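Welcome, and thanks for taking a look at this one with us. Please open the structure below and follow along as we visit a few places in it.

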Amino acid sequence: IKGGIKIMKMKVAVMEDIKKMSVKEMDVPEVGAGEVLVKIYQCNICTTDWQTWAGLRKSQGRKLPWVPGHEMSGEIIEIGENVRPELKVGMHVGFIAQGSRACGECFYCRMGHTSRCLNKPKQIEIDGIEGYFGMAQYFVVNSKRVLKLGDDLPYEEGGYLEPTSTAVHGIKRLRVKPNDNVLVIGAGNLGLVNAQVAKIYGGNVLVSEINEERCKIAQSLGLATINPSKEDIAKRVEEITEGRGMDAVILAVGNTKANDQGIQLLSTMGRILFFASGYPTPELNIDSNKIHYNEYELIGTYGADFSDYVIAADLLSKRLVKVDKMISYKVPINEVQRAFELAATPGNYRVSVSMW
C-alpha cells in the first residue's frame, strides 16, 4: 500500500525463449504473515541470467518462459504480520537469493551450511510462469530473506549483495589469512569482488587480466595487476613469492587455460578455488600424483550461506567492497531485450535494469 492506494499490477521482465525477452503485466501478490512487499528499483543481469538467455545453460533444464533476476535492491513499502521489528517501511534492502533459501532443519542447515539445504523450495510462480522474479517492479518475500543496506548505497550497487556474499563464502573456504599471496585470475565482476574481499581478509592480492581496460579498473580499486599477454606471469609470481608460488589462487573465469595457469603457479601446500563455472565445461589437466606429492588443495565453491550475506551487506554498505565502476549500463525495463544484448557483449560488466 502506497499513499493509501492498493497496488494491483506490476511490470515483469519475462524470458520467453532463447534470446527473446518481453515485458508483461502481472498481479502483485498479496503480502502474507512473515512477508514484506518491496518496491524494486534496480535488478542487475548476472552471468547465469544472460547465459540462460543466450542458450548456453540448457544443461540446467530451465523451462521457458521464465522470470530471471536475483541481484536486485529496493525499498520496503508494506510489512505483513509477525515480521521482525527491525524491518521498517522505507528501509533500503537487498535479498538472500532464492537458491540460498533454507529449511533450517536438514543436516546442512543445522551445521550452518544453509546454501547446501537438502529441502530447497520451489521457484516463485505468478500467472503460470516460474522464476526468481527479481525483474519485477514489486517483490513479495519472506522477511528472513531481507537484509538492510545503507540508505546512501545506490540500488544498482545494492544488487551486488548476492555476488559479494558468494565471494565471502569462497574466501572463507579458501581460508585466506593475513600475508597470504593470492592470485585472482580474471578481472570481471566477480574477479574484482573476490580480489577486494581477499584483500580485506589480509591477502597480498595480484589480479591477472588480459584486458588492459579491466586492469586499469582493478588498479583504481587499489589492486596490483598483471597482464599475462604482455608480461611473464610466472616470473612475476616467482619474484613476489621468492620462488615459492602463490599460497592461494582464485579462478574467477571458467576455462581450461585459466585452470592450467592457476595450478602451474600454485605453491607447495597451496590452495586453488574453482569459483567460476564454464560453458562448455573446462578441462582440468592435473594428475593425482602431483596433488598428492605437493599437498595441493582443490576447493570448489558455489552459493553462499546466510552468514556470508550478513558480512556482504556490511562490506557493501560501508564501501569496503566498491562496485560502482562495475555498472556498465542502466537500461529501463521497457528495453530489457537490449539490456540482455548488452549483458552478453564481451567486455561489459553488470548491466542494471531500471524497474521504473
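## Around F95

This is a predicted model, and a good place to begin is F95. Setting aside neighbours within four places in sequence, F95 is in contact with V38, I40, M72, S73 and F139, and also with V141, R145, V146, L161 and Y309.

## Two nonpolar cores

F95 also appears in the largest nonpolar core, a set of 49 residues. Together with I45 and F340, F95 is among those with the most contacts inside that core. Strand β3, spanning residues 35–45, gives the most to this core, contributing 6 residues.

Apart from this core lies another, made up of 43 residues. Its members include L153, A187, L192 and L273.

## S22 in strand β2

Now to S22, which sits in strand β2 (residues 20–27). Is S22 buried or exposed? With a relative accessible area of 18%, S22 is buried, because the cut-off for buried is under 20%.

The S22 side chain makes a polar contact with the side chain of E16, at 2.6 Å. Not counting residues up to four places away in sequence, S22 touches E16 along with V12, A13, V14 and V336.

## A276 in a loop

Our last stop is A276, found in the loop between β15 (266–274) and α9 (288–294). A276 counts as partly exposed, at 27% relative accessibility.

Which residues does A276 touch, not counting those up to four places away in sequence? They are L251, A252, V253 and G254. As for A54, it is 222 residues from A276 along the chain, and the C-alpha atoms of the two are separated by 18 Å.

Notes: Residues are numbered from 1 along each chain as its sequence is written. This is a predicted model: local features need pLDDT of at least 70, side-chain atom pairs count only at pLDDT 80 or more; totals for chains, interfaces and linings use all residues. Side-chain values use heavy atoms; hydrogens and water are left out. Helices (H or I, at least four residues) and strands (E, at least two) are DSSP runs, numbered from the N terminus. Buried means under 20% relative accessible area, exposed over 50%, partly exposed in between (1.4 Å probe, protein chains only). A polar contact is a pair of N or O atoms within 3.5 Å; within protein, one must be able to donate a hydrogen and the other to accept it, and residues adjacent in sequence count only if both atoms are side-chain atoms. Contact means heavy atoms within 4.5 Å. A nonpolar core is a set of buried Ala, Val, Leu, Ile, Met, Phe, Trp, Tyr and Cys residues joined through side-chain atoms within 4.5 Å.
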